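Q: Please give me a close look at a single part of this structure, starting from one spot and following its contacts outward. I would like one connected account that I can trace on the screen.

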Amino acid sequence: MRISIDNKLYMDCPEGFRQLTEEELQKMNLIAGGKGLCISDSERHIVISVAWTKVNALSAWLLGTRETAGSMAKHISKSMKQFNYVWLDDVKREIDGQVARGLDYNYIVQGIHMTGESLVVKSEENLFYFHFYGRQARRDESLAVFHEILDGVVIAE
């Protein structure tokens with residue numbers, strides 16, 4: 001199933017995933033500000049959220065993906081501190097021909113060892129944030145699913 005955010009971004013929702021409702025999103029507090037969506041595969045314990053926000057022309061001109069990713073990393077580090085957050089590595093990859101930057105990290109929630117990858121990509125005056133959360137024990141398998149989804153993302157101009 002193909003899903004979109006305000007016709008700005010399209011991505012495929014693979015078999016086993018379902019889109020979370022607004023009520024579920026509010027309980028999880030995954031997406032703050034902007035518009036977004038979240039998909040989940042409860043069998044594989046994977047959650048992927050995508051958020052979109054538009055910045056003003058001056059900010060778009062001044063902000064690069066590296067700076068935006070750095071700001072996102074600081075925010076994640078601060079908000080995840082209570083969950084024994086551990087930064088693993090910086091990440092750079094391509095999403096629909098655009099350079100995306102971000103980070104890999106681990107954390108613990110309710111005694112469960114989790115892993116995450118967060119990326120941001122800039123397209124004109126739009127910022128798209130991609131967040132992956134999964135079980136640390138299935139990190140490689142789960143990240144492969146996330147990256148496959150990212151490979152199919154289309155950003156509308």
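A: A word on naming helps here: strands are DSSP runs of E with at least two residues, and they are numbered from the N terminus. Please also keep in mind that this is a predicted model.

Let's start at R93, which sits in strand 6. The cut-off for buried is under 20% relative accessible area. R93 has a value of 19%, so R93 counts as buried. Its side chain makes a polar contact of 2.9 Å with the side chain of D151. Setting aside neighbours within four places in sequence, R93 also touches Q98, V99, A100, E117, L119, H147 and L150, along with D151 itself.

From there, move to T115 in strand 8. With a relative accessible area of 0%, T115 is buried. Its side chain has two polar partners to look for: the side chain of N106 at 3.0 Å, and the side chain of R139 at 2.4 Å. Beyond four places in sequence, the residues in contact with T115 include Y105, Y107, F132 and Q136.

Those contacts bring us to the aromatic rings. A pair of rings is described by the distance of the centres and the angle of the planes. With ring centres required to lie within 6.5 Å, there are three aromatic pairs in the model. One of them joins Y105 and Y107, with centres 6.1 Å apart and planes at 35°, a tilted arrangement. Y105 has a relative accessibility of 1%, so Y105 counts as buried. Y107 comes out at 7%, so Y107 is buried as well. Another pair is F132 with F146, which is stacked: the centres lie 5.4 Å apart and the planes meet at 25°. That pair ties together distant parts of the chain, since F132 belongs to strand 9 and F146 to helix 4, 14 residues apart. F132 and F146 are both buried. Going back to the tyrosines, ring pairs connect Y85, Y105 and Y107 as a cluster.

How does this fit with the nonpolar interior? The largest nonpolar core has 27 residues, and the members that touch the most others are L9, M11, I39, I48 and F130. Among the elements giving two or more residues to this core are strand 6, strand 8, strand 9 and helix 4. Helix 4 supplies the largest share, with five residues. I39 is a good place to zoom in: its contacts beyond four places in sequence include I3, M11, F17, I48 and I149. A separate core of 19 residues lies apart from this one, and its members include A69, I76, Y107 and V120.

The last stop is helix 3, residues 65–80. Its 16 residues reach 22 Å from the first C-alpha to the last, close to the 22 Å expected. T65, T68, A69, M72, I76 and M80 are the buried residues of helix 3. They span an arc of only 95° around the axis, so they lie on the same side of helix 3. The buried residues of helix 3 pack against strand 7, strand 8 and strand 9. Turn the view around, and the face away from that buried side shows the exposed residues R66, K74 and K78.

Notes
Residues numbered from 1 in each chain as written. Predicted model: local features only at pLDDT ≥ 70, side-chain atom pairs only at ≥ 80, totals over all residues. Heavy atoms only, no water. Core = buried A, V, L, I, M, F, W, Y, C linked by side-chain atoms within 4.5 Å. Buried < 20%, exposed > 50% of the residue type's maximum accessible area, 1.4 Å probe, protein only. Helix = DSSP H or I, 4+ residues; strand = E, 2+ residues; numbered from the N terminus. Contact = heavy atoms within 4.5 Å. Expected span 1.5 Å × (residues − 1). Arc of directions from axis to C-beta. Phe/Tyr/Trp six-rings, centres within 6.5 Å; stacked < 30°, edge-to-face > 60°. Polar contact = N/O pair within 3.5 Å; in protein donor to acceptor, adjacent residues only side chain to side chain.
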